Each structure stands twice: as C-alpha cells, then as structure tokens.
Amino acid sequence: MSDKQFLQQAISLATENVKAGGRPFGAVVVSEGQVIATGVNQMLELSDPTAHAELMALRQAGEALGRIKLEGCVVYASGQPCPMCLAAMRMAGISRIVYAYSNQDAEPFGLSTASIAESLRVEPQQQVGLSFEQIKPENEFKPVLYRFWQEQQK
C-alpha cells in the first residue's frame, strides 16, 4: 500500500469515529508495509484527555510487537499530531509521521493545538498558567529512587 492509502485509512477511521459520536481523529501504525495498529480519538468515551488516536495506536502497536521502542514504524494520522502525541512518538522511536490536515486546517473548527505547541517552546518555569516546581524528598541529595531502579536492572 502507498502513503496515500494508509493516510486514507486513518481518515476513514476518523470519519467512522465521528459517526459514532467521537472526535475527528484516526491513526494507523505501519511496520514493514503492514498495518499493525489503529486508533481513534476516545477522549470523550473514556473521559481520558490522553486517549488521542495516535496514542491509542501506539499502545496497540507496542502490544502487537511486544516492545516499547517502535523504530522502523510509520504513523499515519488524519490530523497534525499534537505536542503530547508528537512527544510520545519521539519517545517510542518513530522517525516518520505522515498526516492529512494541519493545525491551520483545524483552526477554524477549534481543533488546532498550535497554541499549546507554542507555549511549550518556553521553559516550564516561564509558562503562563502553569506552576512548575521541584521538591526533593527531605535529606535526599541524590535520586535514591532512580539508583534503586538501576540496581534492580542488574
């Protein structure tokens, strides 16, 4: 299948999701030319602000492949991935993302995440509307939890 065909599959998923009362977002994860996972936006159904189509598809892809690193996979999305989804894809090792509709296309419908992306370009301590602070455990100068985790990995 071609990029256009995989992308059309993501758009079709989004269209069906709208028909079912959901939001207009669908995603497909492809590995070695085969669809291994799909997802639609389920924020409303699950009352979960992280249930974006791309994240649902990434979760399914991780299960299908039995790993958290998804190098070599391509994500096809109906809309431009939001910062949260983009960060998740980067953390999963996705290096190629193809999408149909941009934030500019989404703006007139109240679906753009461009303003969130813009605010995230500023250091967290300087972001308007966000309190961001670090409080380390008492008398702890080194990350004990992380050291414990490292020791358990041996």
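Visitor: Which residues is Thr113 in contact with, leaving aside its neighbours within four places in sequence?

Guide: Good place to start! Thr113 is in contact with Cys82, Pro83 and Asn103, once its neighbours within four places in sequence are left aside. Please keep in mind that this is a predicted model.

Visitor: Where is the place of Thr113, and is Thr113 buried or exposed?

Guide: Look in the loop between helix H5 (103-106) and H6. Thr113 has a relative accessible area of 16%. Buried means under 20%, so Thr113 counts as buried.

Visitor: Pro83 came up among those contacts. Which residues of H4 are buried?

Guide: In H4, the buried residues are Pro83, Cys85, Met89 and Ala92. Their cover includes H3, S3, S4 and helix H6 (114-119). Just after H4 you will find Gly93, with a positive phi near 90 degrees.

Visitor: How should I read a nonpolar core, and how many residues has the largest one here?

Guide: In soluble globular proteins, nonpolar side chains tend to be buried together. In this model the largest nonpolar core has 17 residues. Those with the most contacts inside this core are Val29, Leu58, Leu70, Val75, Met89 and Ile94. At least two core residues come from each of strand S1 (26-31), helix H3 (53-65), strand S3 (73-79) and helix H4 (83-92). H3 gives the largest share, five residues. Apart from this core lies another, of eight residues, including Leu7, Val28, Tyr76 and Val98.

Visitor: Let me pick one residue from the largest core. What does Val29 touch, not counting residues up to four places away in sequence?

Guide: Val29 touches Gln34, Val35, Ile36, Ala37, Ala57, Leu58, Ala61, Cys73, Val74 and Val75. Leu58 and Val75, like Val29, are among the core residues with the most contacts inside the core.

Visitor: On to the strands. In which sense do S1 and S3 pair, and how do S3 and S4 run?

Guide: S1 and S3 pair in the antiparallel sense, over five bridges. To find one bridge by eye, look for Ala27, whose partner in S3 is Ala77. S3 and strand S4 (residues 96-101) run parallel, and five bridges join them. For this pair, try Gly79, which stands opposite Tyr101 in S4. From S3 the chain crosses through H4 to S4, a β-α-β crossover that is right-handed.

Visitor: How many residues of S3 are buried?

Guide: Seven of the seven are buried, so S3 is largely enclosed by the rest of the structure.

Visitor: Now for charges. How many salt bridges does the count come to?

Guide: Side chains of opposite charge can pair when their charged atoms come close. Here the count comes to three salt bridges. In one of them the side chains of Asp3 and Arg96 meet, at 2.5 Å from N to O. Asp3 lies in helix H1 (residues 3-19) and Arg96 in strand S4, so this pair ties together parts that are 93 residues apart in sequence. Asp3 is partly exposed, with a relative accessible area of 31%, and Arg96 is partly exposed too, with 36%.

Visitor: With which residue does Lys19 form a salt bridge?

Guide: Its partner is Glu16, and the closest N and O atoms are 3.3 Å apart. An α-helix has 3.6 residues a turn, so residues three or four places apart point the same way. Lys19 and Glu16 are three residues apart in helix H1, which means about one helical turn separates them. Lys19 is exposed, at 64% relative accessible area, while Glu16 is partly exposed, at 47%.

Visitor: And which residue pairs with Arg121?

Guide: Arg121 forms a salt bridge with Glu118, with 2.8 Å between the closest N and O atoms. Arg121 counts as exposed at 61% relative accessibility, and Glu118 as partly exposed at 48%.

Visitor: What about Glu54: which side chain of opposite charge is nearest, and how far away?

Guide: That side chain is Arg23, 9.8 Å away. A salt bridge needs the charged atoms within 4 Å, and Glu54 has no salt bridge, yet is buried. You will find Glu54 in helix H3. Leaving aside its neighbours within four places in sequence, Glu54 is in contact with Ala27, Val75, Ala77, Gly79, Pro81, Cys85 and Met89. Ala27 and Ala77 in that list are the bridge partners we looked at earlier.

Note on methods. Residues numbered from 1 in each chain as written. Predicted model: local features only at pLDDT ≥ 70, side-chain atom pairs only at ≥ 80, totals over all residues. Heavy atoms only, no water. Core = buried A, V, L, I, M, F, W, Y, C linked by side-chain atoms within 4.5 Å. Buried < 20%, exposed > 50% of the residue type's maximum accessible area, 1.4 Å probe, protein only. Helix = DSSP H or I, 4+ residues; strand = E, 2+ residues; numbered from the N terminus. Contact = heavy atoms within 4.5 Å. Pairing = 2+ DSSP bridges. Right-handed = clockwise from strand over helix to strand, strands pointing away. Lys, Arg positive; Asp, Glu negative; His and termini not counted.
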